[in-house]
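This briefing covers one protein model: its overall build, its nonpolar cores, one pocket and a few individual residues. Please look over the sequence and the coordinates before reading on.

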Amino acid sequence: MLALEFPPISHLIEWPDLFGSGAFAVNKVVVLALVSALLVFVMFFVAGRKGSLVPTGVQNFAETIVEFVQEGIILQTMGPEGLHFTSFLLTLFSFIFVCNIWGIIPVLYFPVNARMALPAFMAVVVWLIFNFVGIKHQGLGGYFKSMLFPPGVPKALYILVTPIELVSTLIVRPLSLAVRLFANMLAGHLLLASFAVIATALFKATVVGAALPGGLLIALTGFEVLVAVLQAFIFTILAAVYIGGAMHPEH
């Protein structure tokens, strides 16, 4: 029954303040975000202190994540030069995943990224970094030239391509990053909450009648784990693609 104890429907999109007020108010979302950051820091700090030649436990788990980010994301999108961004992309992936996974933890039941503020903040950080990297590697004029006039495009198409690239790079990229993560996590959270309410109501009426929605709830919970990993991966790999594109405009 503990797994069916979702917060009230009114708390799915509204989070009462726990303490403080105004801009400094702390609610459930803020607490979970801070705990997520602390968990990621502690895990890599403990893993880094071990430094065993034959990794076990936390070190083995942390090294697996590092290897996944380096080989599955950075080398595939940015090349060896992108390994300098391992710390940033590793932190991004780990933090997003932990923030997402709260959505299936009994009693808590809330993915932090189902609130727009955090995805929007991370998208702005990625936006600042890939623009900074582009200007650093190409110079201000070179960066905007490669952005507005992509190499290999016939000059006659620039009248169409240039405004599209301008809006895409400066507005659509950060907006799509934030909205994709936020919308997927909120939709999954609402779906889980809906099935939990149905399963709870049917369970109180008849255990047999709750079998189908209860089974779907369990399946959806497993699917949410996959979504949590997938959304962390998509956000991180897109960040790597944008940064890599700013470093290597010819690609």
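The points below go from the whole chain to single residues.

The model is predicted. The protein contains 6 helices and 2 strands, and from the N terminus its elements follow the order β-β-α-α-α-α-α-α. Of its 251 residues, 40% are buried.

**Overall build**

- The C-alpha trace spans about 70 × 50 × 40 Å along its principal axes.
- Among contacts with a sequence separation of 6 or more, 68% are between residues 24 or more positions apart.

**Nonpolar cores**

- The largest nonpolar core has 49 residues, and the members that touch the most other members are Met78, Leu89, Leu92, Val112, Met122 and Phe235.
- At least two residues of this core come from each of helix 1, helix 2 (57-77), helix 3, helix 4, helix 5 (158-205) and helix 6 (211-247).
- Helix 6 provides the largest share of this core, with 11 residues.
- A second core, separate from the largest one, has 8 residues, including Ile101, Ile104, Leu192 and Ala228.
- With residues up to four places away in sequence set aside, Met78 touches Phe85, Leu89, Ala240, Ile243, Gly244, Met247 and His248.
- In soluble globular proteins, nonpolar side chains tend to be buried together.

**The second largest pocket**

- The volume of the second largest pocket is about 350 Å³.
- Its lining consists of 19 residues, of which Ala33, Phe95, Leu118, Phe121 and Met122 are the closest to the pocket centre.
- Helix 1, helix 3 (86-101) and helix 4 are the elements that contribute two or more residues to this lining.
- Helix 1 gives the largest share of the lining, 6 residues.
- By residue class, the lining of the second largest pocket comprises 16 nonpolar, 2 polar and 1 charged.
- Met122 appears twice in this account: it is one of the residues closest to the centre of the second largest pocket, and it is among the members of the largest nonpolar core that touch the most other members.

**Helix 1: Val35 and Ser36**

- Val35 lies in helix 1, which covers residues 28-50, and Ser36 is placed in helix 1 as well.
- Is Ser36 buried or exposed? Ser36 counts as buried because its relative accessibility is 0%, which is under the 20% limit for that class.
- Val35 has a relative accessibility of 31% and therefore counts as partly exposed, a class that runs between 20% and 50%.
- Apart from neighbours within four places in sequence, Ser36 is in contact with Phe95, Val98, Cys99 and Trp102.
- Cys99 also relates to Val35: the two are 64 residues apart in sequence, with their C-alpha atoms 8.9 Å apart in space.

**Helix 4: Asn131**

- Asn131 is found in helix 4, residues 117-148.
- Its relative accessibility is 9%, so Asn131 counts as buried.
- Which side chain forms a polar contact of 2.7 Å with the side chain of Asn131? The partner is the side chain of Tyr143.
- A polar atom of the Asn131 side chain also lies 2.8 Å from the backbone oxygen of Trp127.
- Beyond residues up to four places away in sequence, Asn131 touches Tyr143, Met147 and Leu170.
- Tyr143 thus figures both in the list of residues touched by Asn131 and in the 2.7 Å polar contact.

Technical notes:
Residues are numbered from 1 along each chain as its sequence is written. This is a predicted model: local features need pLDDT of at least 70, side-chain atom pairs count only at pLDDT 80 or more; totals for chains, interfaces and linings use all residues. Side-chain values use heavy atoms; hydrogens and water are left out. Helices (H or I, at least four residues) and strands (E, at least two) are DSSP runs, numbered from the N terminus. Buried means under 20% relative accessible area, exposed over 50%, partly exposed in between (1.4 Å probe, protein chains only). A polar contact is a pair of N or O atoms within 3.5 Å; within protein, one must be able to donate a hydrogen and the other to accept it, and residues adjacent in sequence count only if both atoms are side-chain atoms. Contact means heavy atoms within 4.5 Å. On a 1 Å grid over the protein atoms alone, a cavity is a set of points where a 1.4 Å probe fits but cannot get out, and a pocket is an open set with protein on both sides within 12 Å along at least five of seven lines; lining residues have an atom within 4 Å of a point. Grid points are joined across faces, edges and corners, and a volume is the space filled by probe spheres set on the points. Ala, Val, Leu, Ile, Met, Phe, Trp, Tyr, Cys and Pro count as nonpolar, Asp, Glu, Lys and Arg as charged, and the others, Gly among them, as polar. A nonpolar core is a set of buried Ala, Val, Leu, Ile, Met, Phe, Trp, Tyr and Cys residues joined through side-chain atoms within 4.5 Å.
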